[in-house]
Amino acid sequence: MFQTVDVQASFELQLPLGKACGAQYSGSLKSLENLISEDLRLRGFCHVQVSGVGGTARLTVCDASSLSLGCASPERVGVNMTWRARLADIPPSSTLDLRDVERAMAGEQLFGRLSELVDGGDYRLAMDDGSFAVASSFLPPGVPTEAGLGCVAGHIRVLNEPNGSRRDEGCVPCPPGSFSQHGPCAHCPLGFYQAQEGSTDCERCPSGRTTSSPGAVFPSQCLTECQTDPAGLECDEMGQYREAQRDTASQTSFCLTENGERLAWTETAVPLNDSDCIGTAALLNTP
């Protein structure tokens with residue numbers, strides 16, 4: 001089942017004189033993105049009233065990923081807007097269908113009204129470092145928008161092509177160990193995990209712990225330095241290095257520092273306990 005109806009719009013803003021869009025402008029782009037998002041919300045572009053034979057419904061069509069900005073040229077910023085209506089937000093009693101939602105979003109309430117505002121040259125924004133005036137009409141100009149079917153964050157659209165025929169399977173959640181924010185499912189990076197499917201982000205491991213590979217599912221996969229040590233040194237119940245270690249190959253015992261450094265001068269054929277090694281590391285700093 002598809003979970004969202006999406007409508008996209010694009011336009012450009014002219015930067016103030018003396019400003020150039022590039023890597024050094026990334027901080028200002030984020031500020032501008034926040035400004036545009038708030039401005040469109042205040043102008044009523046984040047809700048749509050859907051009417052049909054069965055009734056009406058007011059739907060929220062903006063989320064954290066609705067707006068994205070990028071450099072269209074050194075003098076211009078490209079603005080991409082995606083309105084996204086969740087089908088789950090439509091009251092069953094309203095009996096509205098997808099065509100009702102499409103007409104409302106791609107019509108005069110959202111796309112049409114913003115297109116008129118931009119094409120008329122009346123859309124201007126002011127920041128501390130100057131005024132941003134609309135530099136062009138909608139992109140591509142003169143092409144009407146079409147609503148598309150999409151998925152909520154944390155889900156991806158699945159297409160199967162059995163026997164050469166393409167079949168759309170709808171939306172499926174990203175599996176545990178991954179996340180998505182209206183894009184492909186991505187593995188949780190090192191130091192993060194996610195036990196739930198259909199997630200939009202991953203949980204960070206506790207301080208001092210990380211994962212051995214991307215895509216971790218459980219918090220138990222967050223390991224300490226000792227637990228991932230390639231030398232296979234022994235760890236205590238907290239995952240920290242044990243002070244006393246035993247080399248099974250040479251049958252010698254030795255002490256470690258808290259950082260896992262081997263103290264060669266403590267090597268002995270006699271088995272050692274942790275209590276035997278307490279304080280040995282401090283001797284390194286004794287004059």
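Here are some notes on the disulfides, a helix pair and one loop residue in this predicted model.

1. Let's start with the cysteines. The structure holds eight disulfides, and three of them are taken up in the points below, beginning with Cys-21 and Cys-71.

2. Cys-21 and Cys-71 are joined with an S to S distance of 1.9 Å. This pair links distant parts of the chain, 50 residues apart: Cys-21 sits in the loop between β1 (4–14) and α1 (26–42), while Cys-71 belongs to strand β4 (residues 67–73). The torsion about their S-S bond is about -80°, so this disulfide is left-handed. How accessible are the two ends? Cys-21 counts as buried, at 11% relative accessibility, whereas Cys-71 is partly exposed, with a relative accessible area of 40%.

3. Next come Cys-205 and Cys-222, which form a disulfide with S to S 2.0 Å. The torsion about the S-S bond is -70°, and the link is left-handed. Cys-205 lies in the loop between β14 (203–204) and β15 (244–247), and Cys-222 also lies in the loop between β14 and β15, 17 residues apart from its partner. Both cysteines of this pair are buried.

4. The sulfur atoms of Cys-226 and Cys-235 are 2.0 Å apart, and they too form a disulfide. With a torsion of about -105° about the S-S bond, this disulfide is left-handed. Are its two cysteines buried or partly exposed? Cys-226 is buried, with a relative accessible area of 4%; Cys-235 is partly exposed, at 25%.

5. Now to the helices. Two packed helices are described by the angle between their axes and the distance between the axes. For α2 and helix α3 (residues 108–119), the angle is about 20° and the axes are 4 Å apart. Angles under 35 degrees count as roughly parallel, and α2 and α3 are therefore roughly parallel to each other.

6. Which residues make the contact between α2 and α3? On the α2 side they are Ala-104, Met-105 and Ala-106, and these meet Gln-109, Leu-110 and Phe-111 in α3. The contact residues divide into five nonpolar, one polar and no charged.

7. One last residue to look up in your viewer is Ala-88, in the loop between β5 (76–86) and α2 (98–106). Ala-88 is exposed, with a relative accessible area of 65%. Its C-alpha atom is separated by 7.0 Å from that of Gln-3, although the two residues are 85 residues apart along the chain.

Definitions and conventions. Residues are numbered from 1 along each chain as its sequence is written. This is a predicted model: local features need pLDDT of at least 70, side-chain atom pairs count only at pLDDT 80 or more; totals for chains, interfaces and linings use all residues. Side-chain values use heavy atoms; hydrogens and water are left out. Helices (H or I, at least four residues) and strands (E, at least two) are DSSP runs, numbered from the N terminus. Buried means under 20% relative accessible area, exposed over 50%, partly exposed in between (1.4 Å probe, protein chains only). Axes are lines fitted to C-alpha atoms, for helices over the stretch in contact, and angles run from 0 to 180 degrees between N-to-C directions. Angles under 35 degrees count as roughly parallel, over 145 as roughly antiparallel, 65 to 115 as roughly perpendicular and the rest as oblique. Contact means heavy atoms within 4.5 Å. Ala, Val, Leu, Ile, Met, Phe, Trp, Tyr, Cys and Pro count as nonpolar, Asp, Glu, Lys and Arg as charged, and the others, Gly among them, as polar. A disulfide is a pair of cysteine sulfur atoms within 2.5 Å.
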